[in-house]
Amino acid sequence: MSGQFVLDKDRIERAVKIRKGDVFSRRNISNTSQNIVTLLGEKGYAFSKVNPLPEFNEEDNTINLNFFIDPGNKTYVRRINIFGNTSTSDNVIRRELRQFEQ
């Protein structure tokens, strides 16, 4: 992994589901990237990017993956407006939201 680390490196490494010796799988690479983006999103980095950068070794037919992490800027929400709902109280809807006003 490389890039800017705004979370503990150990916490990010737990989100990586690819281990040394595994067979190459684009699905596992995509899932790992999404896991890291989700972790960053939970900490307020809504527009983070994780790019897997493969390095091919033709001598022994292996690939070294480097996940480049760009968390972007932290995102803040000033106000959440809820309208058009007449049957449910506003506070009932707000308690179900994952994003809060700050």
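**View 1. Gly 3 and the pairing of strands E1 and E3.** In this predicted model, Gly 3 stands opposite Ile 69 of strand E3. Strand E1, made of residues 2-3, runs parallel to strand E3, residues 62-70, and two bridges link the pair. Strands of a sheet are joined in general by backbone hydrogen bonds, in either the parallel or the antiparallel sense.

**View 2. Ser 2 in strand E1.** Ser 2 belongs to strand E1, and its bridge partner in E3 is Phe 68. When neighbours within four places in sequence are left aside, Ser 2 is in contact with Asn 66, Phe 67, Phe 68 and Ile 69. Is Ser 2 buried or exposed? The relative accessible area of Ser 2 is 22%, and this residue is therefore classed as partly exposed, since the term buried is reserved for values under 20%. A separation of 15 Å lies between the C-alpha atoms of Ser 2 and Ile 29, two residues that are 27 residues apart along the chain.

**View 3. The hairpin of strands E2 and E3.** Strand E2 comprises residues 49-57 and pairs with E3 in the antiparallel sense, over nine bridges. Asn 57 faces Thr 62 of E3 across this pairing, standing opposite that residue. Four residues lie between the two strands of the hairpin. Within the turn, Asn 61 has a positive phi of about 55°.

**View 4. The three-stranded sheet.** Which order do the strands of the sheet follow? The sheet is open, consists of three strands in the order E1-E3-E2, and has mixed pairing. E1 and E2 stand at the edges with a single partner strand each, so one side of each lacks a neighbour in the sheet. The parallel component is the pairing of E1 with E3, and the antiparallel component is that of E2 with E3. In a regular strand, side chains alternate between the two faces of the sheet.

**View 5. Ser 48 in the loop before strand E2.** Ser 48 is located in the loop that connects helix H2, residues 26-42, to E2. Why does Ser 48 count as buried? Ser 48 is placed in this class because its relative accessibility is 11%, and the class covers values under 20%. Not counting residues up to four places away in sequence, Ser 48 touches Val 37, Leu 40, Asp 70 and Pro 71.

**View 6. The setting of these sites in the whole chain.** Three helices and three strands make up the secondary structure of the chain, arranged from the N terminus as β-α-α-β-β-α. The C-alpha trace spans about 65 × 25 × 20 Å along its principal axes. The chain has a radius of gyration of 19 Å, whereas a compact globule of 102 residues would have one near 13 Å. Of the 102 residues, 19% count as buried. The exposed area of the chain is about 8,200 Å², of which carbon and sulfur atoms supply 45%. Among contacts between residues at least 6 apart in sequence, 45% join residues at least 24 apart. The chain carries 16 positive and 13 negative charges, and the mean positions of these two groups are 9 Å apart.

How values were computed. Residues are numbered from 1 along each chain as its sequence is written. This is a predicted model: local features need pLDDT of at least 70, side-chain atom pairs count only at pLDDT 80 or more; totals for chains, interfaces and linings use all residues. Side-chain values use heavy atoms; hydrogens and water are left out. The radius of gyration is taken over C-alpha atoms; the globule rule is 2.2 Å times the number of residues to the power 0.38. Buried means under 20% relative accessible area, exposed over 50%, partly exposed in between (1.4 Å probe, protein chains only). Contact means heavy atoms within 4.5 Å. Accessible areas come from the Shrake-Rupley method with a 1.4 Å probe; for residues, only the protein chains shown count as cover. Lys and Arg count as positive and Asp and Glu as negative; His and the chain ends are not counted. The place of a charge is taken as NZ of Lys, CZ of Arg, CG of Asp or CD of Glu. Two strands pair if DSSP finds at least two bridges between them.
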